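Biologist: I am new to this structure and would like to learn how to read it. Could you walk me through a few features, one at a time?

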Amino acid sequence: MTDFAHLFQPPTTAGGPILLLLHGTGGNEHDLVPLAETLLPGAGVLSPRGRVLERGMPRFFRRLAEGVFDIDDLKLRTAELADFIAASAQKHHFSTANVVAVGFSNGANIAGALLLLRPDTLGGAVLFRAMVPLTPETLPTIPATPVLISNGKIDPLVSAEETERLAALLRSAGADVTVSWQNAGHELTERDVITAREWLAQQQAR
């Protein structure tokens, strides 16, 4: 099993959803845990810490500059994370179909990479401030996998064009993508949380 420092909390109901919490640059496995109960009460939690360090700050994959990703490292780290999710599912007796990634910034980007490279490890995703992580040579088939992209209108790091490019890429692979615009920059806001909570409730009701 790929070794990630992580937290695991089982869902309150057997077979319930599992939120895969993926922090941003400089975060850790504790960062998004307080959000979980707000986003989806009773959901389980699987929260790994990124294994790459950038000036001492944990990340999920290397970058060469702001917005310029080390694609070879991204592919390697995505495979490691996917293997970790699969091993965790086996160890803790949950289905990867019940796993919903909730990622912020760097965490959202590796969640996007999971959807594009190892879609079998996720049943859905909430992407806060996400960019296009990479364009695979062959698009996967991710039929109707629900994805919420919640990005900021005045984000200095992620443009509207980048957001729409990500949505188009995921839709081309078959994902059911919802894009929600927040009147915000790159920071996570209360409106993001409310939007994601309502969206997750809709998905669970289906």
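Modeller: Happily! Let us begin with one residue: threonine 195 is buried, because its relative accessible area is 13% and buried means under 20%. Keep in mind that this is a predicted model.

Biologist: Where is threonine 195 found, and which residues does threonine 195 touch?

Modeller: Threonine 195 belongs to helix α5. Setting aside residues up to four places away in sequence, threonine 195 touches Leu148, Ser180 and Gln182.

Biologist: Is arginine 191 buried, exposed or partly exposed?

Modeller: Arginine 191 counts as partly exposed, because its relative accessibility is 43% and the partly exposed class lies between 20% and 50%. Arginine 191 sits in helix α5, which covers residues 190-205. Beyond residues up to four places away in sequence, arginine 191 touches Gln182 and Glu198. Gln182 is thus a name to remember, being touched by arginine 191 and also by threonine 195.

Biologist: How do I read a distance along the chain next to a distance in space?

Modeller: Put the two numbers side by side. Arginine 191 and proline 136 are 55 residues apart along the chain, and their C-alpha atoms are separated by 32 Å. For glutamine 9 and aspartate 120, the separation is 111 residues in sequence and 22 Å in space, C-alpha to C-alpha.

Biologist: What else can you tell me about glutamine 9, such as its place in the chain?

Modeller: Glutamine 9 is in strand β1, residues 6-9. With 37% relative accessibility, glutamine 9 counts as partly exposed. Leaving out neighbours within four places in sequence, its contacts are Val33, Gly44 and Val45.

Biologist: Now to helices. How is the packing of two of them described?

Modeller: Two packed helices are described by the angle between their axes and the distance between the axes. Here, α2 and α3 pack at an angle of about 80 degrees, and their axes are 10 Å apart. Angles of 65 to 115 degrees count as roughly perpendicular, and α2 and α3 are therefore roughly perpendicular to each other.

Biologist: Which residues make the contact between α2 and α3?

Modeller: From α2 come Leu74, Lys75, Arg77, Thr78, Leu81, Ala82 and Ile85, while α3 brings Ile110, Ala113, Leu114 and Leu117. By class, the residues of this contact are eight nonpolar, one polar and two charged.

Biologist: And how does one look for empty space inside a model?

Modeller: Rolling a probe the size of a water molecule over the atoms shows where empty space is left. In this model the count comes to one cavity of 30 Å³ or more. The largest cavity has a volume of about 40 Å³.

Biologist: Which residues line the largest cavity?

Modeller: The lining consists of Phe4, Gly50, Arg51, Phe60, Arg77, Glu80, Leu81 and Ile110. Helix α2 gives the largest share, three residues. The lining has four nonpolar, one polar and three charged residues. You have met some of these names already: Arg77, Leu81 and Ile110 are among the residues in the contact of α2 with α3.

Biologist: One last feature, the backbone. Which residues have a positive phi although they are not glycine?

Modeller: Histidine 93 is one of them, with phi near 60 degrees. Serine 105 is another, with a positive phi of about 55 degrees. Histidine 93 lies in the loop between α2 (71-92) and β8 (99-104), and serine 105 in the loop between β8 and α3 (106-117). Histidine 93 is exposed, at a relative accessible area of 74%, whereas serine 105 is buried, at 14%.

Notes: Residues numbered from 1 in each chain as written. Predicted model: local features only at pLDDT ≥ 70, side-chain atom pairs only at ≥ 80, totals over all residues. Heavy atoms only, no water. Helix = DSSP H or I, 4+ residues; strand = E, 2+ residues; numbered from the N terminus. Buried < 20%, exposed > 50% of the residue type's maximum accessible area, 1.4 Å probe, protein only. 1 Å grid on protein atoms, 1.4 Å probe; cavity = no way out; pocket = protein on both sides within 12 Å on 5 of 7 lines; lining within 4 Å. Points joined across faces, edges and corners; volume = space filled by probe spheres on them. Nonpolar A, V, L, I, M, F, W, Y, C, P; charged D, E, K, R; others polar. Axes fitted to C-alpha atoms, helices over the stretch in contact; angles between N-to-C directions. Parallel < 35°, antiparallel > 145°, perpendicular 65-115°, else oblique. Contact = heavy atoms within 4.5 Å.
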